[in-house]
Amino acid sequence: MKFTKLMSISAMALMAAGAVQAKTLVFCSEGSPEGFDPAPYTAGTTFDASSKAIYNRLVEFAPGTTNVQPALAESWEVSADGMEVTFKLRQGVKFHTTDFFTPTRDFNADDVIFSFTRQGDAANPWNQYIAGITYEYYSGMEMATVIKEMVKVDDYTVKFVLSRPEAPFLANMAMDFASILSKEYADGLDAAGTKENLNSAPVGTGPFQFVAYEKDAVIRYKANADYFGGKPAVDDLVFAITLDPAVRMQKLQAGECHVAPYPAPADLAALKADPNLTVMEQAGLNVAYLAYNTSVAPFDNPDVRKALNMAIDKDAILEAVYQGTGQKAKNPIPPTMWSYNDAVTDDAYDPEAAKAALDAAGVSGLTMKVWAMPVQRPYMPNAQRAAELIQADFAAVGVTVEIVTYEWGEYLKKSSEKARDGAVILGWTGDNGDPDNFMGVLLGCAAATDGGSNRAQWCDADFDALIQKAKVTADQAERAKLYEEAQLIFKAKAPWATLGHSTVFMPMSTKVSGYVMDPLGSHSFAGVDVAE
């Protein structure tokens with residue numbers, strides 16, 4: 001009996017030691033996810049919480065780069081005419097086993113076809129499994145048109161038959177909307193009458209498994225021991241949702257979190273001086289903009305939009321909002337991206353000329369709304385302050401501005417409606433390093449729909465013809481020329497006021513190792529460790 005008792009105590013001690021040794025990484029995230037199904041959304045906050053942690057794609061970007069590498073697909077072949085892309089799938093990949101789902105089979109071709117078909121086929125029973133959802137990326141990138149057919153060659157081979165050659169196709173397939181979900185899990189939810197759980201109780205193949213979400217407070221994950229890329233170094237991952245950038249940095253300095261994104265520019269000096277912190281930085285592949293609703297008068301007139309652009313003092317915004325961490329934007333793509341047209345002339349800040357142009361366009365006594373984001377984003381440190389400066393600039397030329405905002409998820413949804421009034425402050429961090437991801441997704445005609453990513457609701461035939469031609473052109477130099485020409489049209493027609501490009505800073509504890517900054521702005525913790 002004594003021996004048995006001693007063994008029990010020893011076992012308890014070993015269990016306690018194991019619990020002590022379990023590693024937890026706390027990420028003070030800047031906002032709440034809109035949901036955990038990546039396909040209907042475009043916000044990086046949502047992707048960090050869903051696609052980056054929980055899911056995988058057929059191909060993914062190598063850490064720290066925009067280079068496509070194998071993921072759920074071990075390899076792929078592109079036909080000589082560019083019209084077929086065949087993926088050989090990785091075998092033995094396990095979906096997460098959770099309290100609410102136990103898979104009976106490994107990942108296979110059925111999951112791939114399910115994940116894409118539901119986005120492109122309006123008649124698919126999973127297309128509107130939540131009423132009113134839209135698939136901004138899938139529609140904005142014309143994937144339903146590009147993908148003519150998906151063929152299950154066998155359980156581990158899927159062939160995408162295209163309607164045309166598509167230069168950015170592989171890079172697009174590495175994007176978050178292309179995450180692969182479990183068809184078996186979806187079938188079970190359908191049978192149980194709980195289809196909406198696909199967006200709230202996620203199951204994937206990724207490095208971390210979803211445990212629980214307390215809305216607007218915390219998300220908990222645990223390491224996926226069966227992850228095909230190897231079990232993560234940390235046992236538990238926690239997203240501590242902290243909207244206020246000052247509070248995020250306070251938590252970081254107090255040791256309450258290990259990584260905290262998007263510091264306020266004014267806090268950078270103190271963070272860099274803290275010996276317990278490391279502050280990484282890199283030029284952001286991003287742009288912040290003010291998108292006019294060009295489908296509504298008087299913003300349907302490019303002369304009015306150009307006049308308003310001349311009223312904006314971008315130097316003041318750079319000084320007050322970016323505080324030395326950004327540069328003025330003149331194009332819809334950042335200067336670090338290939339095909340950037342530096343020959344474009346920016347709108348001059350000239351309030352007198354702006355007022356004269358408004359008068360010439362017959363616009364007087366204009367009252368409009370300017371939408372300001374409620375959260376900090378990598379491309380825009382403080383949208384409320386930027387809106388206040390724009391409000392003052394517009395008042396100087398006789399335009400009265402009401403600043404409005406909404407909760408972040410509601411802001412993104414409402415700002416994509418065709419009937420939206422005024423102009424919305426938003427921005428974009430590239431998803432794949434291709435210019436089409438900015439100019440096609442944000443400004444193409446296919447995205448100028450209710451629920452689309454073209455917030456300006458702008459459809460210009462000449463601009464669209466150029467980006468469509470660029471999509472089917474294989475030679476990058478030729479594509480660059482087309483995008484350079486498209487930027488000239490964009491500047492002349494002014495669907496946006498381009499505001500700024502930011503430098504991105506990533507403060508973290510010196511205990512953190514293995515973190516790699518993503519040029520595409522996401523946060524991944526698969527390869528990250530934290531010292532005891």
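Three exercises on a predicted model follow, each with a worked solution.

**Exercise 1. Helix α11**

Determine whether helix α11 is largely enclosed or open, and find what covers its buried residues.

*Solution.*
- Step 1: Take the helix range, residues 302-311.
- Step 2: Apply the cut-off; buried means under 20% relative accessible area.
- Step 3: List the residues that pass: V304, R305, A307, L308, N309, M310 and A311.
- Step 4: Seven of the 10 residues are buried, so α11 is largely enclosed by the rest of the structure.
- Step 5: Look for the cover. It includes β12 (286-292), α13 (351-360), α14 (383-395), α18 (476-493) and β17 (496-509).
- Step 6: Check the N-terminal end. N301 caps it, with a side-chain oxygen 2.8 Å from the backbone nitrogen of D303.

**Exercise 2. The four-stranded sheet**

Work out the strand order of the open sheet of four strands, and identify its edges.

*Solution.*
- Step 1: The order is β1-β10-β9-β8, and the pairing is mixed.
- Step 2: β1 (24-27) and β8 (208-214) each have a single partner strand, so one side of each lacks a neighbour in the sheet.
- Step 3: From one strand to the next, the twist averages 20°.
- Step 4: Inspect one pair. β8 runs antiparallel to β9 (residues 218-223) over six bridges. Y213 sits opposite I219 in β9.

**Exercise 3. The disulfide**

Find which cysteines form a disulfide, and give the handedness of the link.

*Solution.*
- Step 1: Require cysteine sulfur atoms within 2.5 Å. One disulfide results.
- Step 2: The partners are C445 and C459, S to S 2.0 Å.
- Step 3: The angle about the S-S bond is 95°, and the link is right-handed.
- Step 4: Both cysteines lie in the loop between α16 (436-443) and α17 (461-471), so the pair ties together parts 14 residues apart in sequence.

Methods: Residues are numbered from 1 along each chain as its sequence is written. This is a predicted model: local features need pLDDT of at least 70, side-chain atom pairs count only at pLDDT 80 or more; totals for chains, interfaces and linings use all residues. Side-chain values use heavy atoms; hydrogens and water are left out. Buried means under 20% relative accessible area, exposed over 50%, partly exposed in between (1.4 Å probe, protein chains only). Helices (H or I, at least four residues) and strands (E, at least two) are DSSP runs, numbered from the N terminus. Contact means heavy atoms within 4.5 Å. A polar contact is a pair of N or O atoms within 3.5 Å; within protein, one must be able to donate a hydrogen and the other to accept it, and residues adjacent in sequence count only if both atoms are side-chain atoms. Two strands pair if DSSP finds at least two bridges between them. Axes are lines fitted to C-alpha atoms, for helices over the stretch in contact, and angles run from 0 to 180 degrees between N-to-C directions.
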